[in-house]
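Here's a walk through one protein model, section by section. Keep the viewer open and follow along.

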Amino acid sequence: MTRTFTIVLVAAVVAGMSAQTTITPPKNSYSLADDVKLGRDAAKDVEKQMPVLHDDEVTDYVRGVGDRLATAIPIDFSHPEFQYTFKVVDVKDINAFALPGGPMYVHRGIIEAAASEGELAGVMAHEMSHVALRHGTAQMSKASKFGFGQLLGAVAGIAVGGAAGEAIIDATNFGLNATFLRFSRDYEKQADLLGVQIMATAGYDPRDLAHMFQTIEKEGGDRPPQWLSDHPNPGNRVQYINEEADHLQITNPIRVTDAFTNVQAHLKTLPPAPTLAELAKRRKQQQPQR
Ligand SMILES: [Zn+2]
């Protein structure tokens with residue numbers, strides 16, 4: 001074997017091993033500071049509308065998973081201005097969402113539905129990727145005729161989704177329909193692929209993300225859970241996630257942990273979480289008649 005041939009061969013093998021997909025974030029006419037402000041203001045609205053679960057065991061656990069993922073964001077997409085924070089929302093619907101700049105909300109229902117810590121981490125890595133790639137403000141850059149203040153309400157409303165989300169949109173008299181900020185299939189694929197890369201670096205098996213989509217689908221019954229309709233399948237989702245994972249080095253990944261099992265058991269001891277529809281109904285009954 002000639003020397004040149006050997007070098008080419010080695011280079012090909014190395015390239016093959018690290019052939020993770022290169023991700024290019026979409027064009028964005030907002031500043032990083034805009035993302036931060038937008039997310040912070042929207043988070044205030046969210047917390048006015050949604051019941052945050054105040055339970056240290058659950059919150060500390062989710063924060064632990066989130067922090068582990070946040071430190072695994074590739075350097076190109078880790079904006080020092082962004083602060084990833086994690087709160088649990090005490091509702092049953094299977095959902096999780098993240099606001100620009102980093103605030104993330106994980107519904108109790110999705111923790112209860114996950115089959116493993118790896119699956120929960122998959123959802124969180126996907127959400128975190130939308131933030132890191134600045135998909136919220138990129139989407140808005142396409143619709144610059146709307147004012148920044150109007151967009152704040154829309155972001156909160158869309159992020160929350162469902163009945164409570166619509167209530168926020170009504171409250172700000174914002175005429176856009178709920179599809180405005182729902183991410184496109186291109187963005188979904190980007191969030192999946194970056195999510196895979198973050199998971200692998202953090203020590204999770206990205207195949208758990210593919211598996212989580214299947215777990216959530218099964219929970220749906222006639223209506224798909226909110227998280228699936230907000231994050232539509234770009235096509236062949238399970239396949240390309242697994243293919244991307246095949247290119248990455250994952251040794252002895254974290255899957256089910258004692259902490260995950262304990263948190264799921266602990267949640268069973270708490271009063272059951274209401275659904276968003278139940279919350280909205282309760283709120284309507286409490287409101288004075290107009
Ligand atoms: Zn998504």
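## The overall picture

The protein has 14 helices and three strands. One thing to keep in mind throughout: this is a predicted model. Of the 290 residues in the protein, 52% are buried.

As for how the chain folds back on itself, take the contacts with a separation of 6 or more: 80% of them are between residues 24 or more positions apart.

## The zinc site

Which atoms does the protein offer to the zinc ion? The donors are NE2 of H126, NE2 of H130, two OE entries from E188, and ND1 of H231, and they lie 1.9 to 2.4 Å from the ion. Along the sequence the donor residues follow the spacing H-x3-H-x57-E-x42-H. H126 is in helix α5 while H231 is in the loop between α11 and α12 (237-246), so this pair ties together parts that are 105 residues apart in sequence.

Are H126 and H231 buried or exposed? H126 has a relative accessible area of 0%, so it is buried. H231 comes in at 4% relative accessibility and therefore counts as buried too.

## Rings and a charge

The model has three aromatic pairs. One of them is F97 with Y105, a stacked pair with 5.2 Å centre to centre and 25° between the planes. F97 counts as buried because its relative accessibility is 4%, and Y105 counts as buried because its value is 2%; the cut-off for buried is under 20%.

Another is F213 with W227, also stacked, at 5.2 Å centre to centre and 25° between the planes. This pair links distant parts of the chain: F213 belongs to helix α10 (residues 207-220) and W227 to helix α11 (residues 226-230), with the two 14 residues apart. F213 and W227 are both buried.

There is a charge-over-ring arrangement to look at as well. K189 places its charged end over the ring of Y240, 4.7 Å from the ring centre.

## Helix α13, face by face

Does the length of helix α13 (residues 258-269) agree or disagree with what its residue count suggests? With 12 residues at 1.5 Å a residue, the expected span is 16 Å, and the end C-alpha atoms are 17 Å apart, which agrees. The expected span uses one less than the number of residues.

The buried residues of α13 are F260, V263, Q264, H266 and L267. Looking down the axis of α13, these buried residues fall within an arc of 160°, so they line one face of the helix. They pack against α3 (56-70), α4 (108-113) and α5 (117-132). On the face of α13 turned away from that buried side you'll find the exposed residues D258, K268 and T269.

## Two positive phi angles

Most residues other than glycine have a negative phi. R134 is not a glycine, yet its phi is positive, near 60°. R134 sits in the loop between α5 and α6 (135-141), and with 12% relative accessibility it counts as buried.

N252 also has a positive phi, about 50°, without being a glycine. Its place is in the loop between α12 and α13. Is N252 buried or exposed? N252 has a relative accessible area of 76%, so it is exposed.

## Long-range neighbours

A70 is part of helix α3 and is partly exposed, with a relative accessible area of 22%. How far apart are the C-alpha atoms of A70 and I198? They are separated by 8.1 Å, although the two residues are 128 residues apart along the chain. Leaving out residues up to four places away in sequence, A70 touches Y84 and M128.

H247 lies in the loop between α12 and α13, and at 33% relative accessibility it counts as partly exposed. Its C-alpha atom is 9.8 Å from that of Q197, with their positions 50 residues apart along the chain.

Definitions and conventions:
Residues numbered from 1 in each chain as written. Predicted model: local features only at pLDDT ≥ 70, side-chain atom pairs only at ≥ 80, totals over all residues. Heavy atoms only, no water. Phe/Tyr/Trp six-rings, centres within 6.5 Å; stacked < 30°, edge-to-face > 60°. Buried < 20%, exposed > 50% of the residue type's maximum accessible area, 1.4 Å probe, protein only. Helix = DSSP H or I, 4+ residues; strand = E, 2+ residues; numbered from the N terminus. Lys NZ or Arg CZ within 6 Å of the ring centre and 35° of its normal. Arc of directions from axis to C-beta. Contact = heavy atoms within 4.5 Å. Donors = N, O, S within 2.8 Å, 3.2 Å for Na, K, Ca; no water.
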